[in-house]
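Q: Could you take me through one part of this protein up close? I'd like to see how a strand sits among its neighbours, and what lies around that spot.

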Amino acid sequence: MQRFLTLFAISKSVPFKSKVDEHCFRPARMGRALLISMVAAGLACGPALPPPPAYPTAEDGLDAPEIETPPGLSKDSPPPQAILPGDVVRLRIMSAESYEPVELWVDDLGRIHVPFGGDVEVLGLGLTDAESRIEQVVRQYDRYARVSLAMHSFSGHRVTVTGAVDKPGVYEARPGLRIADIVASAGGTRVLIAGAEATEAADMEGARIVRDGKTLPVSVKHALFGESQHNVFVRPGDIIYVPWMASRQIPVLGDVRSARNVPFHEGLRLTEALAAAGGPSRTADTADIRIVRGPLSRAKVYRANLDDVMKGDTTDVVLAPGDVVFVTEHWFATTTDVINRLTPILATAAVFSTLSR
């Protein structure tokens, strides 16, 4: 709906005239909804539009500098082992009498319930310090008791992985695990499969790891390549966020074989986006492909000529994040073709018109 409204708003800002007006589909009794839809669809009837620049330019506000890779962490050591709420420890008491080892859950307050000793706080302690504290309590009842403690489960050592991964969720951050290990546990980043084509669905440039409310100066993308200054040790409470590429998709609409959102990547060209949508249909005007660029308040519309691109007479256009590609319909398309293509847009326009009254 948002993309439709963008095209509709843009089309209202330009007069419905062109040098091919005599060829445009103009039924004598055109309903209001149909007229709105045809203008919104951006048929070939329209004023001369400028050709798009070969690359996004400063004039469009889209010449953002290249994303700088964070410096990484030159000094990174594994976190000290500490007992946290949710962990499970295995306790063994050795004395003149024989005691069976028991598994104890650390509650939300960081306490475990020790047989013959009651509740003992072990929050944040290492195993050696926790053993000493438990021994002091148990020896009140058995002066010869010795205590042995081991980690049974690191359930309290949790790292959250969200976004465009195969299995987002919470994972155990066992000591020694790094970013790449956790992402692998989450099934890796998502990939979109369209026929025989696989497209990366994750925006790795925007992926981040957040610790204690602050973003670490590391690149998740470089971490997955095993670069040590980026593939740092994870710590309990870390959040690894991998955004979807959807926020940077290119909608390819109009007279194409399979209209769809094409995931954006640096260097994505017009021909590549069109190919991902199945290419122009037989009734498409390949000499009049509209590229809508920029926010609605100051959007620009360019006219690209695919025929010239294919002949090598002009440069293939590099698209920018947020662009909308609209393939217009050839002026000699039949009335039936026009109506069939407009039917879905008519329904959308009718709903919007009803809601806006």
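A: Let's begin with strand E1, which covers residues 88-94 and pairs with E2 in the antiparallel sense over 4 bridges. Keep in mind that you're looking at a predicted model. If you want a spot to find by eye, go to Val-88, which stands opposite Trp-105 in E2. And what holds such partners together? Strands of a sheet pair through backbone hydrogen bonds, either parallel or antiparallel.

Now zoom out a little. E1 belongs to an open sheet of 3 strands, ordered E2-E1-E5, with antiparallel pairing. The edges are taken by strand E2 (102-105) and strand E5 (146-153); each has a single partner strand, so one side of each is left without a neighbour in the sheet. The strands aren't lined up perfectly, either: neighbours in this sheet are turned by 30° against each other on average, direction ignored.

Next comes a helix. H3, residues 127-138, packs on the sheet and touches E1 and E5, and its direction makes about 130° with that of E5.

Stay around here and look at some charged side chains. Glu-135 and Arg-139 meet in a salt bridge, at 3.6 Å from N to O. How much of each one is covered? Glu-135 has a relative accessible area of 14%, so it falls under the 20% cut-off and counts as buried. Arg-139, at 38%, counts as partly exposed because that value lies between 20% and 50%. There's a third member too: salt bridges that share partners join Glu-135, Arg-139 and Arg-146 into one network.

For comparison, here are two salt bridges from elsewhere in the chain. Glu-205 and Lys-221 meet with N and O 2.9 Å apart. Glu-205 lies in the loop between strands E9 and E10, and Lys-221 in helix H5, so this pair ties together parts that are 16 residues apart in sequence. Glu-205 is partly exposed at 34% relative accessibility, and Lys-221 is partly exposed as well, at 31%.

Then there's Asp-238 with Arg-211, whose closest N and O atoms are 2.8 Å apart. Asp-238 sits in the loop between H5 and strand E12, while Arg-211 is in strand E10, so the pair ties together parts that are 27 residues apart in sequence. Both Asp-238 and Arg-211 are buried.

To place all this in the bigger picture, the structure holds 12 salt bridges, and the protein chain comes to 8 helices and 17 strands. Of its 357 residues, 41% are buried.

Terms used
Residues numbered from 1 in each chain as written. Predicted model: local features only at pLDDT ≥ 70, side-chain atom pairs only at ≥ 80, totals over all residues. Heavy atoms only, no water. Pairing = 2+ DSSP bridges. Helix = DSSP H or I, 4+ residues; strand = E, 2+ residues; numbered from the N terminus. Axes fitted to C-alpha atoms, helices over the stretch in contact; angles between N-to-C directions. Contact = heavy atoms within 4.5 Å. Buried < 20%, exposed > 50% of the residue type's maximum accessible area, 1.4 Å probe, protein only. Salt bridge = Lys/Arg side-chain N within 4 Å of Asp/Glu carboxyl O.
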